[in-house]
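Hi,

Here is the structure I promised to pass on. Have a look at it first, and then read my notes below.

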Amino acid sequence: MATVYAVMEKYHRLIIFSLLGVIVLFLFACTFHDILPICHYLFGCDHMMHL
């Protein structure tokens, strides 16, 4: 367990930015459904976010 905490402490910025990148990717995928159909392939959703 101490090893996991040490890795998390050492790479915390990389972990945070990776998670934020995934969230932004899915937001773009839902917003631009015709260009980036990741949401459709993974979850089978056929909707777009309307801003």
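What follows is a short tour of what I found, going from the whole chain down to single residues.

First, a word on what you are looking at: this is a predicted model. The average pLDDT over the chain is 81, and 82% of the residues reach at least 70. If you go element by element, helix 1 comes out highest with a mean of 91, while helix 3 is lowest at 72. Please keep that in mind for the part on Ile38, since this residue lies in helix 3.

The overall layout is quick to describe. The chain holds 3 helices and 0 strands, so read from the N terminus the order is simply α-α-α. Of its 51 residues, 12% are buried. The accessible surface adds up to about 4600 Å², and carbon and sulfur atoms account for 74% of that.

Helix 2 covers residues 12-31, which makes 20 residues. From first C-alpha to last it spans 29 Å, close to the 28 Å you would expect at 1.5 Å a residue. Where are the buried residues of helix 2? They sit at Ala29, Cys30 and Thr31. Phe28, also part of helix 2, is another matter: its relative accessible area is 44%, so it counts as partly exposed.

Now to the surface. There is a nonpolar patch made of Met1, Val4, Tyr5, Val7, Met8, Tyr11, Leu14, Ile15 and Leu19, and together these residues have about 930 Å² of accessible area. Two elements, helix 1 (2-10) and helix 2, each supply two or more of the patch residues. Helix 1 is the biggest contributor, with 4 residues. Ile15 is one of the patch members and belongs to helix 2. Its relative accessibility is 37%, which is why it is classed as partly exposed.

The last stop is helix 3, which runs over residues 38-43 and includes Ile38. Is Ile38 buried or partly exposed? It is partly exposed, because its relative accessibility is 23% and the cut-off for buried is under 20%. Setting aside neighbours within four places in sequence, Ile38 makes contact with Leu25, Phe26 and Ala29. Ala29 is one of the buried residues of helix 2 mentioned above. For Leu25, the C-alpha to C-alpha distance to Ile38 is 8.9 Å, with their positions 13 residues apart in sequence. Phe28 and Ile38 are 10 residues apart along the chain, and their C-alpha atoms are 9.4 Å apart.

That's the tour. Shout if you want to go through any of it together.

Cheers

Definitions and conventions
Residues numbered from 1 in each chain as written. Predicted model: local features only at pLDDT ≥ 70, side-chain atom pairs only at ≥ 80, totals over all residues. Heavy atoms only, no water. Expected span 1.5 Å × (residues − 1). Buried < 20%, exposed > 50% of the residue type's maximum accessible area, 1.4 Å probe, protein only. Patch = residues over 30% accessible without salt bridge, like charges linked within 9 Å, V, L, I, M, F, W, Y side chains within 5 Å. Areas by Shrake-Rupley, 256 points an atom, 1.4 Å probe, with all protein chains shown as cover. Salt bridge = Lys/Arg side-chain N within 4 Å of Asp/Glu carboxyl O. Contact = heavy atoms within 4.5 Å. pLDDT = per-residue confidence, 0-100.
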